Amino acid sequence: MPHPFYILDVFADRAYAGNQLAVVTHADDLSAETMQQIAAETNYSETTFVNAQPEVDGGYRVRLFTPARELAFAGHPLVGTAWAIRRFMEPGASGPVRLNLQLGQVPVRFESDETGETLWFRAPEVTLGPTCPREAMAAALGIDPDDIDPATPVRQAAAGTAAMIVPLRSLSALKRSRLNLEAYAPLLAQGFPPLTYLFTRETHDAASDLCVRFFFEAHGVREDPATGNGAAFLGAYLLEYGHADVDLRIEQGHAMRRPSLVRLRAHKVGGVPEIEVGGQTVLTVRGELV
């Protein structure tokens, strides 16, 4: 069976910005081992694999892989994969694209305005976990404890995968941060994941509300230029700490020269958080696996 593939820039309004994603379609006959090998070959933060036809519930079966392992949930792969399905597998269709993940079905809807077409996914339930001492996290990031904003805690958030949410006082602190796995080892031993989502209210662009960075471990430390699941985690975190309604423009990727824009909306309905993450997608490469 031929396996078309596409390379997309997600959370980007132009090519060669945002977060790169490889999408392989008609992947029904690929084993998990082969998928992992392909993901290691592309070496992007994630590669997704989509079955050729929707399942009986109308959703397309999708699997997500980093270069090192399979994931249950990640953000920018949902946006990019839904864009590829609508563009190449069901052109002319309307309504949301439904993705069947390990966590269940996630609908992705399309919204057009003067800025272009934004895809929005509803985040699965986010669980806020234990907090972490500022001093220990600062040591792992190579910054001073006073660089971490004490107004809200360093706290774990999870939805399929887990990350630490770290509030910083300044853009300077964000620029100086770098995850050191050796320094992080004591936190890892306590069960904290080696994924860190750092945010500050100081921004490069006056139109942005927050600037963020995301570090993770995959054959060493890597940085994500745009992180949709991190934004979903942040939405739950902000709702927990006093925000009744969230509608934010989040900039990311400047340190990597891949500027990105992630949209975040969050509020509570009947006391239950509802979180949506949105962004645009640009096609850069299309081809076929041999």
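This is a walk through a predicted model, one selection at a time.

Before you start, note that residues count from 1 along each chain as its sequence is written, and that side-chain values use heavy atoms, with hydrogens and water left out. Because this is a predicted model, local features need pLDDT of at least 70 and side-chain atom pairs count only at pLDDT 80 or more, while totals for chains, interfaces and linings use all residues.

**Stop 1: a buried strand**

Select residues 210–217, which form strand β13. Helices and strands here are DSSP runs (H or I of at least four residues for helices, E of at least two for strands), numbered from the N terminus. Of the 8 residues in β13, 7 are buried, so the strand is largely enclosed by the rest of the structure. Buried means under 20% relative accessible area, exposed means over 50%, and partly exposed lies in between, using a 1.4 Å probe and protein chains only.

Now bring in the neighbours of β13. Two strands count as paired if DSSP finds at least two bridges between them. Add residues 196–200, strand β12, which runs antiparallel to β13 and is joined to it by 5 bridges; look for Phe199, whose bridge partner in β13 is Val212. Next add residues 245–252, strand β15, which runs parallel to β13 with 3 bridges between them. Here Cys211 stands opposite Glu251 of β15.

Then show residues 221–224, strand β14, which pairs with β13 in the antiparallel sense over 4 bridges. Phe215 has Glu223 in β14 as its bridge partner. The hairpin of β13 and β14 has 3 residues between the strands, and His219 takes a positive phi near 55° there.

**Stop 2: on from β15 to β17**

Stay on β15 and follow it to β16, its antiparallel partner over 8 bridges. Gln252 stands opposite Ser260 in β16. Strand β16 covers residues 260–269 and is joined to β17 by 7 bridges, again antiparallel. Two pairs to label are Lys268 with Pro273 of β17, and Arg265 with Glu276 of β17. At the turn, select Gly270: the hairpin of β16 and β17 has 2 residues between the strands, and Gly270 takes a positive phi near 60°.

Which strand do 4 bridges join to β17? Select residues 116–122 and you have strand β8, antiparallel to β17, which spans residues 272–279. Phe121 stands opposite Val277 in β17.

**Stop 3: two helices**

Select residues 134–141 (α3) and 181–189 (α5), which pack at an angle of about 150° with their axes 7 Å apart. Axes are lines fitted to C-alpha atoms, for helices over the stretch in contact, and angles run from 0 to 180 degrees between N-to-C directions. The helix α3 passes α5 in a left-handed crossing, a term for the near helix being turned anticlockwise from the far one by less than a right angle.

Show side chains for Ala136, Met137, Ala139 and Ala140 in α3, which meet Ala183, Tyr184 and Leu187 in α5. Contact means heavy atoms within 4.5 Å. The residues of this contact divide into 7 nonpolar, no polar and no charged; Ala, Val, Leu, Ile, Met, Phe, Trp, Tyr, Cys and Pro count as nonpolar, Asp, Glu, Lys and Arg as charged, and the others, Gly among them, as polar.

**Stop 4: single residues**

Center on Ile165 in strand β11, residues 161–167. Is Ile165 buried or exposed? Ile165 counts as buried because its relative accessible area is 0%. Leaving out residues up to four places away in sequence, its contacts include Pro153, Arg155, Tyr197, Phe199, Phe233 and Tyr237. Try a distance too: the C-alpha atoms of Ile165 and Ala236 are 71 residues apart along the chain and separated by 10 Å.

Move to Ala52, in the loop between β3 (47–50) and β4 (60–65). Ala52 counts as buried at 17% relative accessibility, and touches His26, Asp28, Tyr60 and Met89, not counting residues up to four places away in sequence.

**Last stop: cysteines**

Select Cys132, buried at 6% relative accessibility, and Cys211, buried at 3%. A disulfide is taken as a pair of cysteine sulfur atoms within 2.5 Å, and by this rule the count comes to 0 disulfides.
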